[in-house]
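Notebook open, structure loaded. I'll jot down what I look up as I go.

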Amino acid sequence: MEEAAVYSNIGQHKLRELTADERCPFVLWVGNKRLIKRRQFDEYMSRAYSI
């Protein structure tokens, strides 16, 4: 999450909100750990009007 926050300029709290949704296309859960799929995250960001 820290890496994704720095990469995207989005706060960690907001990223946690976005990835908490079970339909989130760019998160991969490994146990309790959230991993961000960079390619899908970039596509999501390019399509998003606002976050």
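**Entry 1: surface patch.** I began with the nonpolar patch on the surface, which is formed by Leu 28, Val 30 and Leu 35. Together these residues have about 230 Å² of accessible area. A reminder to myself: this is a predicted model, and every value here is computed from it. I then looked up Val 30, which sits in strand E1, residues 27–30. Its relative accessibility is 46%, so Val 30 counts as partly exposed.

**Entry 2: largest pocket.** Next I asked how much space lies in the largest pocket. I got about 200 Å³. For the lining I noted Met 1, Glu 2, Glu 3, Ala 4, Tyr 7, Arg 34, Leu 35, Ile 36, Arg 38 and Phe 41. Helix H1 (2–8), strand E2 (33–36) and helix H3 (38–47) are the elements that give two or more residues each to that lining. Which element gives the largest share? H1 does, with four residues. I also sorted the lining by class: six residues are nonpolar, four are charged and none is polar. Leu 35 turns up again here, as a lining residue of the pocket as well as a member of the surface patch.

**Entry 3: the loop after H1.** I moved on to Asn 9, in the loop between H1 and H2. Its phi caught my eye: the angle is near 65 degrees, a positive value in a residue other than glycine. For context, most residues other than glycine have a negative phi. Is Asn 9 buried or exposed? Asn 9 is exposed, because its relative accessible area is 74% and the cut-off for exposed is over 50%.

**Entry 4: His 13.** I found His 13 in helix H2, residues 12–20. His 13 has a relative accessible area of 60%, so I put it down as exposed. I also checked its spacing to Glu 2, which is 11 residues away along the chain. The C-alpha atoms of the two are separated by 10 Å. Glu 2 was already in my notes as one of the pocket lining residues.

**Entry 5: salt bridges.** How many salt bridges are there? The count comes to two.

- One joins Glu 17 and Lys 14, with the closest N and O atoms 3.5 Å apart. The two residues are three apart in helix H2, so about one helical turn separates them. Glu 17 is partly exposed at 43% relative accessibility, and Lys 14 is partly exposed too, at 30%.
- The other joins Asp 21 and Arg 23, where the closest N and O atoms are 3.6 Å apart. Here Asp 21 counts as partly exposed at 34%, whereas Arg 23 counts as exposed at 68%.

**Entry 6: Thr 19.** Last, I went back to helix H2 for Thr 19. What is its relative accessibility? The value is 0%, so Thr 19 counts as buried, the cut-off being under 20%. I set that beside His 13, in helix H2 as well, which is exposed. I then looked up the spacing between Thr 19 and Leu 35, which are 16 residues apart along the chain. Their C-alpha atoms are separated by 9.3 Å. That brings me back to Leu 35, part of the nonpolar patch where I began.

Terms used:
Residues numbered from 1 in each chain as written. Predicted model: local features only at pLDDT ≥ 70, side-chain atom pairs only at ≥ 80, totals over all residues. Heavy atoms only, no water. 1 Å grid on protein atoms, 1.4 Å probe; cavity = no way out; pocket = protein on both sides within 12 Å on 5 of 7 lines; lining within 4 Å. Points joined across faces, edges and corners; volume = space filled by probe spheres on them. Nonpolar A, V, L, I, M, F, W, Y, C, P; charged D, E, K, R; others polar. Patch = residues over 30% accessible without salt bridge, like charges linked within 9 Å, V, L, I, M, F, W, Y side chains within 5 Å. Areas by Shrake-Rupley, 256 points an atom, 1.4 Å probe, with all protein chains shown as cover. Salt bridge = Lys/Arg side-chain N within 4 Å of Asp/Glu carboxyl O. Buried < 20%, exposed > 50% of the residue type's maximum accessible area, 1.4 Å probe, protein only.
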